[in-house]
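Trainee: Could you give me a close look at the strand pairing here, and then work outwards to whatever else helps me read the fold?

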Amino acid sequence: MEPPRPKTRLLSWITISTVFTVLLAFLAPSGRASKVISDPFADPLLAQSNRNRAVLSPRFTDEVSFDNFSLSLQEQRIFLYSGEFHTYRLPVPDLWIDILEKVKAAGLNGVSVYTLMAALNPSRGVVDFNDWRALQPLFDAAKEAGIWITLRPGPYINAESTAGGIAHWITTEIAGQLRTNASDYTDAWMDYILGIIDQTSSNQITEGGPVILLQVDNEYNQAEGAGYFAELETVYHNSSIVIPLTYNDPGEGDNFINGTGAVDLYGFDSYPQGFDCATPDTWNPVTTNYHSYHESANPSQPLYIPEFQGGAFDAWGPTAPGYPQCEILTGPDFQSVFNRQLWASNAKLTNFYMIYGGTSWGGIPFPGVYTSYDYGSTISENRALTDKHLELKLQGIFLRSTSDFYKTNWIGDSSTGFTAGSVTNPAAFVTLLQNPDSGAGFWIVRQSSSTSTATTNFKLNVTTASGDALQIPLVASTITLSGRESKVLLTDYGLGSNSSLLYSTAQVFFSGAIGTKHVVFLYGPSAQEHELALTLSGTPTSNSSAITVTSGSSVGLTGNETVFSIASGFSGLVPVFESDALLVLFADSATATTFFSPVVPAVSGDFPNYWGLGTNDSVLVGGPYLVRSANISTDGTTLALRGDLNTTGGASDTPLTIVAPASVTSITWNGDDVSVSPSANGSSSILVGTIPASSDAQNISIPVLSGWKFNDSLPEILSGFDDSAWAIANHTATNIPVPMKYGDGKITYGCDYGFCENIVLWRGHFNATGAETSVNLSINGGEAFAASVWLNDVFLNTSFGNSTNDANSIDETDQKFIFPEGAVLVGQDNVITVVQDNMGLDETSGSNTDASKSSRGITGYALNSGNFTEWKVQGKVGGYTGYLDKVRGVLNEGGLFGERQGWHLPGFDTSSWEARDLSDGLPESAAGVGFFVTTFELGIPGGFDVLTSFTFEEALGQPYRVYLFVNGWMMGKRVGNLGPQFKFPVHQGILDYNGTNTVAVALWAMEPNVTVTPQLQLTLDGVFSGGVGTVSTNNPLWSPQGRV
């Protein structure tokens, strides 16, 4: 069945008003107060039409509010702990729930989502929310997972995306400066923003949806963009969008807090380690002025960090370190120290960029990055969890558990000499935050030199809420920081209604009601001592030799406290104290990371899966690789768990430890019964069991790629090739603000003719007199590009762009190409053919917002004698206005002959092609382009999430480029001479896990008589029993219609 075509709005802003009137009537949220805007066009932007509009809802809702402390949803404070996720970098909507469930499992409660205008608005008047471009599946998945959304639609997003996300057609059709209030630029983004409003309005929290914040554009200077921001905000204000508008300042810039274009909630980003992962163990110190900047900039609002470093992007080049190094640079130690430094600054809204990076497939990336956008994220590109997920989970579940932390005053730190507390060793540093209502104290400690790897021992002088001064620990010898480590130590931490922690040098992982008991789960490194003082009644004892129990009165405490000290060297999980109302657990840090605390959803309400608003019920589950969800039967006896087990190294039984309500007597895992029994460690609240291994995991295998078929894909260099259907490059003016360097006045920029991305071919014709001996060409393709040049069928040379880990970058070459003797056909039409790779359009650069109008193409051309008679140009079939593949979208294809014929698509018949192995390269080791195609079968059993990649196994350095197509999707660009990427993850949904798959490789050999031997195989990255269930494919087959 042919998918629905994109929604087309062939509207000018003058004619939009009638449609907008109807649209706003539709968008006005039902069941909410609304008001009539008698003259919604009173501002200059909307005054272009004087027609009345429909009833509008209020522009701001009290369901999302904030004060100087934190954000509140429906009058409940939250700590927004969020991660960045771009759905366009995972073009399989059925897998979005996988990412969201992994985010939720880490204790996070939100995602921030850029939308890519370049994909959604491929041409003027066309806004397309079909297939993987849809937002509704994301909103639905977020609601199911219990995840809030901050939507960031731009139009400019940066995000290492082509043109910073701005639609390519805008970069060529619009004369006005981008990201200003130029009228033609305003008209250009209007359809897109109206489309965002259309899709988002009914999914706001006010309508029972997950969207709580909406960001205006991104990273800009108010002095240059005030009018532009004001126009965007006016459109939102005059629509049914009622949630707060936010902003992400590129650093501490004071932009859009007050004055024209000011937003409702200001935030700024921070990437303290930068973006060079080459030396991942070398740190920059923590930033110490977040709090003071916030107090000077916007003290009436909560401290909001819309982008905090969750990884780093990597650049082209043989010395680029690769994403594993970025993962180390921003790994668990970094998260421990730098994330808690944000807490110490009193930040209450934090978003980690990225939580899942994904893949910049097709023409998505800007020239500074390659296909992988793994980012060294918490969730890797292939969707596997990294060790960063473990540390983030310790933080996220603590925040979810600790509502007192959502409202704190910054009291002081070691640099201010505050009187409420201090450390006994100046090598340690402490910051105190305190809840003004409960008195709970949060003492955030780290090394004074935040990059230090030393072991630092100290005691902490604290003042409790009752005014008592203590030096803790009282029994144990010390508090320890083992190198790059930060902790949150506690005073006056409430445990339900009848108990509290007077203090704790162990950190809290979980605290909350499970059934009739309040459960607190503390943890700390095994090699360190830990201590806590509990307000209790009765005489507690311990069944563990690692725990020393001391009466508080014997160490100077005046209340009814008991001190529990845990000796260094302890590992495992132990009950510290248990009564009918309270269970105190302690585990070493490694053991604690094996636990999850899935939310148990409510049985009714608008937000049953959301912590705080819908439910406050959860359980503790230790052992599995991932726990996705938990449900308790209506009679309270059965706990149904759903999640994943890591069977990559072979199937084995998985031990299971559960803390659940006392009524729970049976457990299921992914629908199968699991036998459990009370733990032998002395606690009646802990159940243990084993999840049996699945024998099916042993039967999972993937095929060797073989049976390749080959065909030449560069007939353009052959005599008699007919380019009469190609576009004539005859423009004499352009909106791209870069003049041609030389030529005859004709503009040869690809985007001016509809070809803005991927490979573009040029053919320059001239009638030879015999005096022609060379041609000068200036070619612009962006950082790390390449362009190969032929005279007729004779290869001349390749111009190489360059990048060495973002250094020595070459985005344009100017080169003389010498004609070999006999190559010129005197008295005949001769053709210069240029195969040019477009690496994406540049992002804007400071005040030069027109930098995205990149001059990709031939920026100068001149024969040594005579002139060209004509230049012809061809990119993807149809260009950006008439491209054929409406499912994969405007960014998927380029202009190679094989692409124009559809050779990359499943179902194309290659039976007549030559059998030739990809590793043999092109025939006769020629420079040129050829297509290699093969198919393979997969038969992956249900109930498994199998992670796969296409991997080039030969060493880096061969002068070739590959466009890798999997079932028609351009999932990778391999640059053999630059690298660094050699592995290209491809997900189920692109791959058919129970059917035939087609892989097509467009191989561009850039030099003749040089060994080019790509060694490509499908490799297995991981096998996990569980997953998200059915993952559908949408891989339209080849059709001859429109193919040229």
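**From one bridge outwards**

Mentor: Start with a single bridge: Leu-656 is partnered by Gly-689, which sits in strand 41. Keep in mind that this is a predicted model. That bridge belongs to the pairing of strand 37 (residues 654–659) with strand 41 (residues 686–691), where six bridges hold the two in an antiparallel arrangement. Now zoom out one step. Strands 37 and 41 are members of an open, antiparallel sheet of five strands, ordered 31-34-37-41-40. At the edges you'll find strand 31 and strand 40 (676–678); each has a single partner strand, so one side of each has no neighbour in the sheet.

There's a second open sheet to set beside that one, with four strands in the order 24-25-30-29 and mixed pairing. Its edges are strand 24 (507–514) and strand 29 (573–578), each pairing on one side only. From one strand to the next, the twist averages 20 degrees. Within this sheet, strands 24 and 25 run antiparallel and share seven bridges. If you want one to click on, take Ser-511, whose bridge partner in strand 25 is Val-520. Then look at what packs on these strands: helix 11 (residues 387–401) lies across strands 24 and 25, running at about 45 degrees to strand 24.

Next, the rings. Over the whole structure, a search turns up 60 aromatic pairs. A good one to begin with is Tyr-185 with Tyr-228, a tilted pair at 5.6 Å centre to centre and 55 degrees between the planes. Tyr-185 belongs to helix 6 (residues 183–200) and Tyr-228 to helix 7 (residues 222–237), so this pair ties together parts 43 residues apart in sequence. Tyr-185 and Tyr-228 are each buried.

Another pair takes you back to the strands: Phe-521 and Phe-595 meet edge-to-face, 5.2 Å centre to centre with 70 degrees between the planes. Phe-521 is in strand 25 (residues 517–524) and Phe-595 in strand 31 (residues 595–596), so to speak a link between distant parts of the chain, 74 residues apart. Follow the strand numbers and you'll see the pair connects a strand of the four-strand sheet with an edge strand of the five-strand one. Phe-521 and Phe-595 are each buried.

Some rings go beyond pairs. Ring pairs join a cluster whose members include Phe-79, Tyr-81, Trp-283, Trp-343, Phe-405 and Phe-442. Two of its rings carry a charge on the face: Lys-348 sits over Phe-405, at 3.9 Å from the ring centre, and Arg-484 sits over Trp-283, at 4.1 Å from the ring centre.

Trp-343 from that cluster turns up again in the largest nonpolar core. That core has 258 residues, and Ile-170, Trp-343, Leu-777, Ile-832 and Phe-950 are those with the most contacts inside it. Helix 6 gives the largest share, nine residues. Ile-170 is a handy place to stand: leaving out residues up to four places away in sequence, it touches Met-117, Leu-178, Tyr-185 and Ala-188. So there's Tyr-185 once more, the helix 6 residue of the tilted pair. A second, separate core has 26 residues, among them Leu-761, Phe-908, Val-929 and Met-1006.

Last, a few backbone oddities. Most residues other than glycine have a negative phi, and most peptide bonds are trans. Against that background, check the peptide bond between Gly-154 and Pro-155, which is cis with omega about 15 degrees. Pro-155 sits in the loop between strand 8 (148–152) and helix 5 (168–173). Ala-163 lies in the loop between strand 8 and helix 5 as well, and it has a positive phi of about 55 degrees without being a glycine. With a relative accessibility of 0%, Ala-163 counts as buried.

The other cis bond to look at joins Ile-472 and Pro-473, with omega about 5 degrees. Pro-473 is in the loop between strand 20 (469–472) and strand 21 (479–482). Asp-492, another residue that isn't a glycine, has a positive phi near 55 degrees. Asp-492 lies within strand 22 (residues 487–495), and it's buried, at 18% relative accessible area.

Terms used. Residues numbered from 1 in each chain as written. Predicted model: local features only at pLDDT ≥ 70, side-chain atom pairs only at ≥ 80, totals over all residues. Heavy atoms only, no water. Phe/Tyr/Trp six-rings, centres within 6.5 Å; stacked < 30°, edge-to-face > 60°. Buried < 20%, exposed > 50% of the residue type's maximum accessible area, 1.4 Å probe, protein only. Lys NZ or Arg CZ within 6 Å of the ring centre and 35° of its normal. Core = buried A, V, L, I, M, F, W, Y, C linked by side-chain atoms within 4.5 Å. Contact = heavy atoms within 4.5 Å. Pairing = 2+ DSSP bridges. Axes fitted to C-alpha atoms, helices over the stretch in contact; angles between N-to-C directions.
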